[in-house]
Amino acid sequence: MDIGKYTEKVFEKIKHINEFGQEYWSARELQKALEYTQWRRFEELIERAKTACKNSGFNVPDHFADVGKMVELGSGSNREISDIELSRYACYLIVQNGDSRKEVIALGQTYFAVKTRQQELIENYEELSEEQKRLAVRNEMKKHNTSLADAAHDAGVIKPMDYAIFQNYGYMGLYGGLKAKDIKERKGLKKSQEILDYMGSTELAANLFRATQTEEKLRRENIKGKAEANNTHFEVGKKVRQTIQELGGTMPEDLPTPKKSIKQIDNEQKKLEDLN
């Protein structure tokens, strides 16, 4: 497969929709898309993904459904081979356990991660208004920043000052070297104002991706030591930035700063709920 053809269409073209309107991917087709020549080797990857699914508290058969598939042999006869219908989350786990040095695996990690996060974390995300999206993603950021702090603590980032430095490394990776203080200045924010409260949904989504992927990498690779944790956060942020660039997106530091803060939107939403 030519490197110039590595786009998300690689995965969109092999997506299926079942009779219930649910999307799924065939493991046999995904094997070819990810350039695994041997089914046996790909099955090993699937087993690791199943373990990750179980460890995350999900029901494995809901995401990995064993099915049979008829294939035509060279002689003209047909033979049934095993296949697995994979949910988007299953595909996400498979590529996360794959060899990220392969270009198509790296693309798959981004493609399935971004789409899975939106669907997994925020129901009907595409139907929300910009303000509702901001509120939804910001609430997820709060949860995942807590999980990220726990993962960083386990890695050896203990003191508040150390955690502030750790956070700055993530920002520097994602924002092309800018620290939290620099981002605040660029947005024209006061010292007391929280950066994440003055981000649009696109910028918040990039930061959510940075936080979730860093947490998973810290835990998955059992990273230890402040320096290693800082470097991990930086590299993940840098990878997210690189992906935005490759997709032709706007760099996070160049995205507009919303006039309303998340707190203002939250208060307005609560008032509307009280009226109803």
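How many salt bridges does the count come to in this structure? The answer is 19, and a few of them are picked out further down. Before that, some orientation helps. The structure is a predicted model, with a single set of confidence scores to keep in mind while looking around. The protein chain averages a pLDDT of 86, and 87% of the residues score at least 70. Confidence varies along the way, though: of the chain's elements, helix α8 (residues 160–174) comes out highest with a mean pLDDT of 97, while helix α6 (residues 103–121) comes out lowest with 68. Residues 1–5 are another spot to treat with care, since pLDDT stays under 50 there. For that stretch the model has 6 contacts beyond four places in sequence. Where pLDDT is low, the predicted coordinates should not be read in detail.

As for the overall build, the protein chain has 12 helices and 4 strands. It runs to 276 residues, and buried residues make up 45% of them. Taking the contacts with a separation of 6 or more, 61% are between residues 24 or more positions apart. The chain exposes about 15700 Å², and carbon and sulfur atoms supply 48% of that area.

Back to the salt bridges. Side chains of opposite charge can pair when their charged atoms come close. One such pair is in helix α3, where glutamate 47 and lysine 50 meet in a salt bridge with an N to O distance of 3.6 Å. These two are 3 residues apart in the helix, so about one helical turn separates them. Their surroundings are not alike: glutamate 47 is partly exposed, at 45% relative accessibility, whereas lysine 50 is buried, at 17%.

Helix α7 (residues 130–155) offers a pair with the same kind of spacing: glutamate 140 and lysine 143 lie 3 residues apart, about one turn of the helix. Their side chains form a salt bridge at 3.3 Å, N to O. Glutamate 140 is buried, with a relative accessible area of 8%.

In helix α9 (residues 180–187), the partners are lysine 181 and glutamate 185, whose side chains meet at 3.7 Å, N to O. Here the residues are 4 apart, so the separation is again about one helical turn. Both ends of this bridge are out in the open: lysine 181 is exposed, with a relative accessible area of 57%, and glutamate 185 is exposed as well, at 56%. Salt bridges also join up into a network, one that links Glu12, Lys15, Glu23 and Arg88.

Rings make up the next part of the picture. The structure holds 6 aromatic pairs. One of them is formed by tryptophan 39 and phenylalanine 42, with 6.1 Å from centre to centre and 45° between the planes, a tilted arrangement. Both residues belong to helix α3 (residues 39–55), and being 3 residues apart there, they are separated by about one helical turn. Phenylalanine 42 is buried, with a relative accessible area of 0%, and tryptophan 39 is buried too, at 14%. Tyr36 joins in as well, with ring pairs linking Tyr36, Trp39 and Phe42 into a cluster.

Charges turn up over two of these rings. The charged end of arginine 28 sits over the ring of tryptophan 39, 3.9 Å from its centre. Over the ring of tyrosine 36 sits the charged end of lysine 102, at 4.0 Å from the ring centre.

A few loop residues round things off. Most residues other than glycine have a negative phi. Glutamate 35 has a positive one, near 65°, and its place is in the loop between α2 (27–33) and α3. Glutamate 35 is partly exposed, at 32% relative accessibility. Asparagine 222 likewise has a positive phi, of about 50°, although it is not a glycine. Its place is in the loop between α10 (201–220) and α11.

Further along, proline 256 is found in the loop between α11 (226–246) and α12 (262–275). At 65% relative accessibility, proline 256 counts as exposed. Proline 256 and tyrosine 198 are 58 residues apart in sequence, with their C-alpha atoms 9.4 Å apart in space.

Definitions and conventions
Residues are numbered from 1 along each chain as its sequence is written. This is a predicted model: local features need pLDDT of at least 70, side-chain atom pairs count only at pLDDT 80 or more; totals for chains, interfaces and linings use all residues. Side-chain values use heavy atoms; hydrogens and water are left out. Rings of Phe, Tyr and Trp (its six-membered ring) pair if their centres lie within 6.5 Å; planes under 30 degrees apart count as stacked, over 60 as edge-to-face and the rest as tilted. Buried means under 20% relative accessible area, exposed over 50%, partly exposed in between (1.4 Å probe, protein chains only). A charge sits over a ring if NZ of Lys or CZ of Arg is within 6 Å of the ring centre and within 35 degrees of the ring normal. pLDDT is the predictor's confidence in each residue, from 0 to 100. Contact means heavy atoms within 4.5 Å. A salt bridge is a side-chain nitrogen of Lys or Arg within 4 Å of a carboxyl oxygen of Asp or Glu. Accessible areas come from the Shrake-Rupley method with a 1.4 Å probe; for residues, only the protein chains shown count as cover.
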